[in-house]
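Biologist: Got a minute? I'd like to go through this model with you.

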Amino acid sequence: MPANLPPEAKAKYAKYLDAKTTEEKIRALEEFISAVPKHKGTENLMLWARKKLAQLRQELEDEKRRKRSGGGGIRYMVQKTGAAQVAVIGPPNTGKSTLVHTLTGAKTVVADYPYATRLPAPGMLKFEDIQIQLVDTPSLMLDEPDSQWNNRIIGLARNADALLLVFSLDSPNLRDEIVSVLRILGDRGIEISKGKGYVYIERTRGVGDIKLYVNGRLRGFTEEDVRKLLREYRIYGANVYIEGEVTLDDVEKAVFTRTMFKPAVIVLNKADKSIYTRRELLGLRDVVPRDTPVLVGIARSGRGYENLGRVLFEKLGIIRIYTKEPNGEKAEQPLVLRKGATVLDVAKSVHSRLVKNFKYAKIWGPSAKYPGERTGLDHVVEDGDIVEIHA
Ligand SMILES: Nc1nc2c(ncn2[C@@H]2O[C@H](COP(=O)(O)OP(=O)(O)O)[C@@H](O)[C@H]2O)c(=O)[nH]1
Ligand SMILES: [Mg+2]
C-alpha cells in the first residue's frame with residue numbers, strides 16, 4: 001500500500017460496487033482484476049480480490065443449486081433473544097455443542113465424530129439478571145476455508161453480537177487452528193480486534209455526501225483527503241467511521257474490504273486432556289489479539305467457565321439500566337444498552353413521548369455524582385444505573 005490504482009481500475013471497481021446480481025459482480029470483479037497493475041503495492045489488494053471472486057463463484061453455484069431443487073431450503077439464521085447473541089464457532093470436535101449444553105441446558109448434538117452438528121441451535125446463558133443467547137454452530141472446515149459450508153457459519157458470526165471461539169487442548173495443531181479460524185473470519189471481513197485503528201465505510205444512497213465520524217486521530221491526512229480518495233472510487237455518498245489511529249492507506253483498504261468488528265472470547269477446551277504446558281499456552285498470546293480474553297476449561301463439567309457470563313458481558317460492551325417511575329419502584333428487568341449510551345437513549349427505548357416531553361432525569365448509581373443527581377439528555381449512563389425520567 002498504497003495501491004495507487006490507475007483511473008481505469010478505480011472505475012472498474014465502482015462498477016463492481018454497483019453490480020446487483022452475483023453474475024454481474026463476478027464479471028465486474030474479473031474486469032477489475034485484469035485492470036490492476038501487478039506489483040508489490042497491489043499484492044494485498046489482489047489477494048483480497050481473488051478470494052472474493054472465489055467466494056462469489058461459490059455463491060453463484062449455490063444459487064443455481066437452490067433454484068434446481070425448487071428454492072426453499074433450511075433457515076440458517078437464529079432469531080435473537082435475550083440481551084445479546086453470541087455465536088459459538090470453531091473447528092470440529094472441540095466441544096462447542098457440549099459447552100452450549102452444559103452452560104444453557106439446551107439440547108445440542110454432541111458426538112465423538114466431526115460435523116455431527118448440522119444446524120445452529122440456541123440456548124440461554126444466565127448472567128446475573130440477564131440472559132445471553134449462545135448459538136451452537138456446525139464446525140468450520142479448516143482445510144476448505146472458502147467453502148459454502150463455511151460461508152453459512154460466517155453468516156451466523158456476522159449476525160451475532162460477539163463470538164465465542166472454541167479450540168481443543170488435545171489438538172497438536174492448536175496454534176495453526178487458531179490462526180486458520182482468525183484468517184477464515186478475516187478473509188470475510190470479520191476482525192475480532194480493532195488493533196490500533198479501525199475504519200468502516202458505510203455507503204449511503206441518494207444525494208452525494210461523505211460524512212466522517214472521527215473518534216481518534218488521522219495520521220498525516222485530512223478529512224478532505226478522505227473525500228477526494230472516495231470520489232476517485234466514484235463513491236459520493238458514505239458514512240466513514242474512524243476509530244483510533246488511522247492512515248490514509250487504512251481508509252483505502254476499507255474501500256476494498258468491508259471489515260466489521262466482532263468482539264470475541266477464546267475458549268481452550270478439554271483441559272482434562274491437554275497436551276500443553278502452562279508456558280506453551282502463554283506462548284499462544286502472539287497469535288491471539290491482546291484484548292481477547294482466553295478461558296481454559298472442561299466443557300463436560302463446566303469447570304473453568306464459571307465466569308464466562310461476566311467475561312462475555314464485558315466484551316459485548318453492554319450495560320444494564322433500570323428505569324423507575326417517579327415515586328415508583330425500580331424496574332426488575334433492566335434495559336440493555338451499549339456502553340456510552342446517554343439518558344436520551346434510555347428515554348428513546350422506553351417511549352418516544354419521553355424524548356419529546358423530556359424535562360429532566362434523576363439518576364442513582366455508578367454514573368451519579370450523588371444519589372438522585374438531576375441531569376439532561378446528554379448524561380452518559382453506566383451499568384447498574386437507575387434512571388427516573390420526568391416529562
Ligand atoms: N475430555 C473431554 N471431552 C470433551 C470435552 N468437551 C467435549 N468433549 C467430547 O468431545 C467430543 C466432541 O464434542 P462436541 O461437543 O460434539 O464437539 P463440537 O463438534 O465442537 O460440537 C464429544 O465426544 C464430547 O463428549 C471436554 O472438556 N473434555
Ligand atoms: Mg457440535
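Modeller: Sure, we can take the ligand, then the domains, then one loop residue. Keep in mind that this is a predicted model.

Biologist: Ligand first. How many residues surround ligand 1?

Modeller: There are 17 residues around ligand 1. The closest are Lys-96, Ser-97, Thr-98, Asp-272 and Ala-299.

Biologist: What's the mix of nonpolar, polar and charged in that shell?

Modeller: Four are nonpolar, seven are polar and six are charged.

Biologist: And which helix gives the largest share of the shell?

Modeller: Helix 4, residues 96–104. It supplies three residues of the shell.

Biologist: Now polar atoms. What does Ser-97 do with ligand 1?

Modeller: An N or O atom in the Ser-97 side chain sits 2.8 Å from an oxygen atom of ligand 1. Asn-93 uses its backbone: an N or O atom there is 3.0 Å from a ligand 1 oxygen.

Biologist: Which atom of ligand 1 faces the polar side-chain atom of Asp-272, and how far away is it?

Modeller: A nitrogen atom of ligand 1, at 2.8 Å.

Biologist: How much of the accessible area of ligand 1 does the protein cover?

Modeller: The cover is 93% of the 580 Å² that ligand 1 has on its own.

Biologist: Switching topic. How is the chain cut into domains?

Modeller: The domain assignment gives domain 1 as 1–71, domain 2 as 84–192 + 262–316, domain 3 as 194–261 and domain 4 as 318–390.

Biologist: How far apart are the centres of domain 2 and domain 4?

Modeller: 35 Å, taken over C-alpha atoms. Eight residues of domain 2 are in contact with 11 of domain 4.

Biologist: What area gets buried between domain 2 and domain 4?

Modeller: About 720 Å², with carbon and sulfur atoms giving 48% of it. On the domain 2 side, Asp-129, Phe-313 and Leu-316 supply 66% of the area buried against domain 4. No other three residues supply more.

Biologist: Last one. Where does Ala-83 lie?

Modeller: In the loop between helix 3 (43–68) and strand 1 (84–89).

Biologist: Which residues is Ala-83 in contact with, leaving aside neighbours within four places in sequence?

Modeller: Ile-130, Gln-131, Ile-318 and Val-336. Take Val-336: Ala-83 is 253 residues from it in sequence, but their C-alpha atoms are 6.2 Å apart in space.

Conventions. Residues numbered from 1 in each chain as written. Chains lettered and ligands numbered in written order. Predicted model: local features only at pLDDT ≥ 70, side-chain atom pairs only at ≥ 80, totals over all residues. Heavy atoms only, no water. Near = heavy atom within 4 Å. Polar contact = N/O pair within 3.5 Å; in protein donor to acceptor, adjacent residues only side chain to side chain. Areas by Shrake-Rupley, 256 points an atom, 1.4 Å probe, with all protein chains shown as cover. Helix = DSSP H or I, 4+ residues; strand = E, 2+ residues; numbered from the N terminus. Nonpolar A, V, L, I, M, F, W, Y, C, P; charged D, E, K, R; others polar. Domains from an automatic or database assignment. Contact = heavy atoms within 4.5 Å. Buried area = accessible area lost by both parts, 1.4 Å probe.
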